[in-house]
Amino acid sequence: MNAAIGYFAIAGVAVASALIGFYGLRVSRTTSDFYVASRTVRPWWNASAIGGEYLSAASFLGIAGLILLTGSSALWFPIGYTAGYLMLLLFVAAPLRRSGAYTIPDFTEARLESLWARRVTSTLVIVIGWFYIVPQLQGAALTVRITTGLPAWVGSLAVAIIVAVVVAAGGMRSITFVQAFQFWLKLTALAIPVVAILLLVGDVPPALPPVEAFPPSAGPGDLEVYRTVSLMVALLLGTLGLPHVLVRFYTNPDGVAARRTTVIVLVLLSVFYLFPTAFGFLGRAFAPDLAQSGDADALILLLPGRLISGPLGDVLTALVIAGAFAAFLSTSSGLVVSLAGVISQDLLGGSVRGFRIAAVISSFVPLIVALATEPAGLAGSVGLVFAFTASTLCPVLLLGIWWRGLTARGAIAGMLTGAVLSGVAILGGGLVAGPLPALRPFLEQPAAWTVPVAVLVTVLVSLGDRRGIPRGTDRFLTRLHVPEPAATSGRGG
């Protein structure tokens, strides 16, 4: 690959993102602008921004790579990523928006009237956010190494610096402009190459991969049904607890706009995921060697140049590189905004200056982790973050919105139980699965058992702590569930 193409594409995305971000800085005036864009973002614009931050390295590169490796079984990832927003639409979007909170810890403190519940929630939000940023930085490292030949760490460092500068400069309002632009860039960067490949190489016979290029089909003893169910639990419920996604619903003018935003996001995600899926199957036909070489996640970066030569191939390659870098920047930006809001409010007084300091901290701590660890498959890494989120924040959010009996002790017990069980499965699963291979599927995909256990602990502890139900629970739940027109005097979104 011509390194100049990589330099040009990456520099172009970085400069465009910075310019758009600094335009947003010009209209960021208040603390509310920095945290929730003063709640003035309309549905289409907000949906584009959500698509920008949600479609991460796992969506842009990882799904195609996973389909290259495993075939149609990897289709559960785009299905789960998209269906998670249906869960948001049905159970969370409008009530959470009506809560009036800036962050998830704000919500848990207001709902449970407990400072300790807030502290536990804040810690989990920070852990989830940092470990979600790590795959983005590792994806940037892979992209820079493959496309420019520079050391991998350069990509991680570049993304961390750009995100820290843009977020610290303009906050949520600034990032909204940037992420909306980056969503449409990512969609274009996948759609045009896929269409071009299908039109221009449709008559080229596919490569015939050797039998060993792809793993064998799973048999009935491989617990594939369990793995699939557990993955879907993680993706469906994990979406409900992602801090960078939930904070977006605070930026809508009202709950009606929040619901409309979610519907639009479902449409945008459904369209987007058609293209990495197509890339994955094209890779199985024309580039099966990448499955053996360990470069499956680089499929989208390499395939256009392999199949289309000359200037057009160079243009398509530059486009997918730009889209990949936009994916790393947009998701990392959304995560840093949500983390900066939590850290600033809990530790730095909640001021704009505190937000900016927190943005820098939130960008560089995961950078250290990314540089110190070996990258794994992008889609799989993000899937484990979803499992952890589904086991910790999701039960508290759902029960906090829909069950009057939730108490602070129950919420804390449930969050800690989910964190310990899923954390041990994710971080220590390899050690346990060695002497006990029968447990491997349950540790590699833990959500199917960690989520029910976390919910059960939350409910049982709350039932045993009936006196701990906050006095303002009925008033708070009424606020969450009152029909929006009544709450806003008929004002729509």
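## Aromatic pairs, a cavity and selected residues

By the distance rule applied here, the count of aromatic pairs comes to 10. The structure is a predicted model. A pair of aromatic rings is described by the distance of the centres and the angle of the planes.

In the pair formed by Tyr54 and Tyr81, the ring centres are 6.2 Å apart and the planes stand at 85°, so the pair is edge-to-face; the cut-off for that class is over 60 degrees. Tyr54 belongs to helix H3 (residues 43-54) and Tyr81 to helix H5 (residues 76-91), so that this pair links distant parts of the chain, 27 residues apart. Tyr54 and Tyr81 are both buried.

Tyr81 also pairs with Phe386: the ring centres are 5.4 Å apart and the planes are at 55°, so this pair is tilted. Phe386 lies in helix H18 (residues 378-402) and Tyr81 in helix H5, so the pair ties together parts that are 305 residues apart in sequence. Phe386 is buried, as is Tyr81.

Both pairs have their place in a cluster. Ring pairs link Tyr54, Phe77, Tyr81, Tyr132, Phe272, Tyr273 and Phe386 into this cluster. Elsewhere, a charged side chain is placed over an aromatic ring: Arg119 lies over the face of Trp116, at 5.0 Å from the ring centre.

### The chain as a whole

The chain contains 23 helices and zero strands. Of its 493 residues, 59% count as buried. Among contacts in the chain with a separation of 6 or more, 86% are made by residues 24 or more positions apart.

Helix H15 (residues 299-307) is a case of burial along a helix. Seven of its nine residues are buried, so H15 is largely enclosed by the rest of the structure. The buried residues in H15 are Leu299, Ile300, Leu301, Leu302, Leu303, Pro304 and Leu307.

### The second largest cavity

A search of the whole structure finds three cavities of 30 Å³ or more. The second largest cavity holds about 30 Å³ of space. Its lining consists of Ser17, Ile162, Val163, Val166, Ile175, Val178, Gln182, Leu329 and Ser333. Helix H9 (152-200) and helix H16 (310-347) are the elements that give two or more residues to this lining. H9 gives the most, with six residues. Sorted by class, the lining of the second largest cavity has six nonpolar, three polar and no charged residues.

### Residues with distant partners

Three residues in helices are each paired below with a residue distant in sequence.

| Residue | Distant residue | Separation in sequence | C-alpha to C-alpha distance |
|---|---|---|---|
| Leu69 | Gly283 | 214 residues | 9.4 Å |
| Ile10 | Thr143 | 133 residues | 9.5 Å |
| Trp44 | Ala180 | 136 residues | 9.3 Å |

Leu69 is located in helix H4 (residues 57-70). Its relative accessible area is 28%, which places Leu69 in the partly exposed class.

Ile10 is part of helix H1 (residues 3-26). With a relative accessible area of 13%, Ile10 is buried, because the cut-off for that class is under 20%. Setting aside neighbours within four places in sequence, Ile10 is in contact with Val144, Thr147, Thr148, Ile321 and Phe325.

Trp44 sits in helix H3, the helix that also holds Tyr54. The relative accessible area of Trp44 is 52%, so Trp44 is exposed, the cut-off being over 50%. Exposed as it is, Trp44 is in contact with Trp184, Ile264 and Leu268, leaving aside its neighbours within four places in sequence.

### A positive phi angle

Glu113 lies in the loop between helix H7 (104-112) and helix H8 (115-148). The phi angle of Glu113 is near 50°, a positive value in a residue other than glycine. Glu113 is partly exposed, with a relative accessible area of 47%.

Notes: Residues numbered from 1 in each chain as written. Predicted model: local features only at pLDDT ≥ 70, side-chain atom pairs only at ≥ 80, totals over all residues. Heavy atoms only, no water. 1 Å grid on protein atoms, 1.4 Å probe; cavity = no way out; pocket = protein on both sides within 12 Å on 5 of 7 lines; lining within 4 Å. Points joined across faces, edges and corners; volume = space filled by probe spheres on them. Helix = DSSP H or I, 4+ residues; strand = E, 2+ residues; numbered from the N terminus. Nonpolar A, V, L, I, M, F, W, Y, C, P; charged D, E, K, R; others polar. Phe/Tyr/Trp six-rings, centres within 6.5 Å; stacked < 30°, edge-to-face > 60°. Buried < 20%, exposed > 50% of the residue type's maximum accessible area, 1.4 Å probe, protein only. Lys NZ or Arg CZ within 6 Å of the ring centre and 35° of its normal. Contact = heavy atoms within 4.5 Å.
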